[in-house]
Amino acid sequence: MYKFFTFLWEHRQNLLFLLLVLISLSALSLSSQRRFYLARRVNRAILAPFQMVVAQVDYFLHLKKENEKLRKSNFLLNLKLYRLEEVRKQNERLKELLEFSRRSPVYFIASRVISGGLGEKAHVFIIDKGSQDGLTPNLPVLVPEGLVGKTVEVDASQTLVQLYSHPEFRVSAKPRGKDDRAIVGSGPNNEMYMFNIPLRNQLEPGDLIVSSGMGGIFPKGIPVGRIIKLEEEEEMRIKMRAKMEPAVDLNKVSEVFVLADTLLVSPGSDLIFEATDSLTQLWERP
Amino acid sequence: MSNLKLVSYALALFFIHLLFYQHLALGEIYPDLFLILVVFTGLYKGPEAGSVAGFFCGLAQDSFSFTFFGLHALIKTIIGFSTGKIRHGIYSNNYLVQGVIIFVAKLLHDILYYGVYFSQGSGSYLHQITIRTPLAAAYTCLLGLGILLLINFRIRIPSR
């Protein structure tokens, strides 16, 4: 027994190394569901304390700058508001005249990104709103420029957002004003691609691609990106794919809006605004 | 340098990575501050500390990846251990050598990481390895040397 422990002590460097390698390999061989669960647990255990401090420091660093920006934008928005109020009243009157049915309101919950990943190929964000604010999995996450991703795991006060750059992210999309519906997701070199496009299509470089409303998560009309070039699919040459420039630069995203389920949002939540018109009308301006 | 000092530098680097990671990017070229931390720990404290630092830094990075959870931890453990092992075999009490070690470590890291990353799709592994990785390695190496100079600290490898 003594010899055994002496052996262990003498080879502790190599044994520790082997143990860590084995743990890493076991983690890699887990099923995707277990990997996801473990990643989330590790994230909370190792990074949560750091993230809280970092989020606070980051918040104060940007507070002054943001305050000035908000003052300016507040002034401009107030001016616009007076004008829009008039337009709204006029619109209401016209709607009544046309007997438009009033649709359920949609709620946008503003959230701060408290962690944007640690690697070059980061695929997730963590935001500072959770189930207590009315969030559930599979809600669209947006910024005014367009699509960011969707919620995947929701805790009481934090939510994990799967970004459009994630290898498993997919959204049904189509060019604005055209009918060539296809799937947009992460492709070679982690760039955005539109896949499975029929050879005969009306797509052109520069076309704005928006969500098609199919698939049950993303409403119709959210900008996803613009087509840069069309090319043949590498595996099957009967289909084409389009390389895209995303509508949203993820490196510049610090705040997002989650399109929340109307029934789960409590009256005290941070509601940014409620839109009584359909989402399509919010983006698809004439 | 005391253990306490090393741990405080490590924590500072960790915070810098979390706070300014996106701002440190030069276009699409990102430095790997965790790798600098792993290499320094391996060089200064040996294979045990190097592999443990590599494992936990890698795990922290992996916690943002669903698909390749464990891959950063595996590669960084290997790098931390190898750096600790070779520290007596080379003239590593020198800024230039330390810079070269960071450069080579980043190259090896990316060759292994993206080898697995792109194995699931038709991605341009070659583009990543031949263009972006050498640039990222050079940037990481310069940043590593910059940190050493900033804190006026030269890694003195303890004799066997």
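**Exercise 1.** Decide whether N196(A) is buried or exposed, from the number of other C-beta atoms within 10 Å.

*Solution.* Start with the count, which for N196(A) is 12 other C-beta atoms within 10 Å, so this residue is exposed (a residue is buried if 20 or more other C-beta atoms, placed from the backbone, lie within 10 Å of its own, exposed if 12 or fewer, and partly exposed in between). The model is a predicted one, in which local features need pLDDT of at least 70 and side-chain atom pairs count only at pLDDT 80 or more, while totals for chains, interfaces and linings use all residues. Residues are numbered from 1 along each chain as its sequence is written, and chains are lettered from A and ligands numbered from 1 in the order in which they are written.

Next, place the residue: N196(A) sits in strand β8 (residues 192-198) of chain A (helices, H or I with at least four residues, and strands, E with at least two, are DSSP runs numbered from the N terminus). Finally, look at the backbone, where the phi of N196(A) is near 60°, a positive value in a residue other than glycine. Most residues other than glycine have a negative phi.

**Exercise 2.** Find where N138(A) is placed in chain A, and state its phi.

*Solution.* First, follow the chain to the loop between β2 (124-127) and β3 (140-143) of chain A, where N138(A) is found. Then read its phi, which is near 65° and therefore positive, although N138(A) is a residue other than glycine. As a last step, count its surroundings: N138(A) has 13 other C-beta atoms within 10 Å, and for this reason it is partly exposed.

**Exercise 3.** Describe the largest nonpolar core, and say which of its residues touch the most other members.

*Solution.* Begin with the membership, since this core has 45 residues, of which L147(A), V148(A), V161(A), M194(A) and V224(A) touch the most other members (a nonpolar core is a set of buried Ala, Val, Leu, Ile, Met, Phe, Trp, Tyr and Cys residues joined through C-beta atoms within 7 Å). Strand β1 (residues 106-115) of chain A gives the largest share of this core, 5 residues.

Now take L147(A) by itself: leaving aside its neighbours within four places in sequence, L147(A) is in contact with residues including L142(A), Y164(A), F218(A), V224(A) and A247(A) (two residues are in contact if their C-beta atoms lie within 7 Å). The last of these, A247(A), lies in the loop between β11 (239-246) and β12 (255-260) of chain A, and it counts as buried because it has 22 C-beta neighbours inside 10 Å. A247(A) is 25 residues from I222(A) in sequence, while their C-alpha atoms are 9.6 Å apart in space.

**Exercise 4.** State how many helices and strands chain B has, and how many chain A has.

*Solution.* Chain B has 6 helices and 0 strands, and along the sequence it follows the pattern α-α-α-α-α-α. Chain A, by contrast, has 4 helices and 13 strands. To complete the picture, note that buried residues make up 48% of the 160 residues in chain B, whereas 30% of the 286 residues of chain A count as buried.

**Exercise 5.** Work out how α4(B) (residues 71-86) and α5(B) (residues 95-117) are arranged, beginning with the angle at which their axes cross.

*Solution.* The axes come within 10 Å and cross at roughly 150° (axes are lines fitted to C-alpha atoms, for helices over the stretch in contact, and angles run from 0 to 180 degrees between N-to-C directions). The two helices are therefore roughly antiparallel to each other (angles over 145 degrees count as roughly antiparallel, under 35 as roughly parallel, 65 to 115 as roughly perpendicular and the rest as oblique). The residues that make this contact include L71(B) and I75(B) of α4(B), together with L108(B) and Y113(B) of α5(B).

A further helix, α6(B) (residues 125-150), packs with α5(B) at an angle of about 145°, with the axes 8 Å apart.

**Exercise 6.** Identify the helix of chain B that gives the largest share of the side touching chain A.

*Solution.* Count both sides first: 35 residues of chain B are in contact with 36 residues of chain A. Then list the helices of chain B that each supply at least two residues to this side, namely α1 (3-20), α3 (47-62), α4 and α6. The largest share, 9 residues, comes from α3(B).
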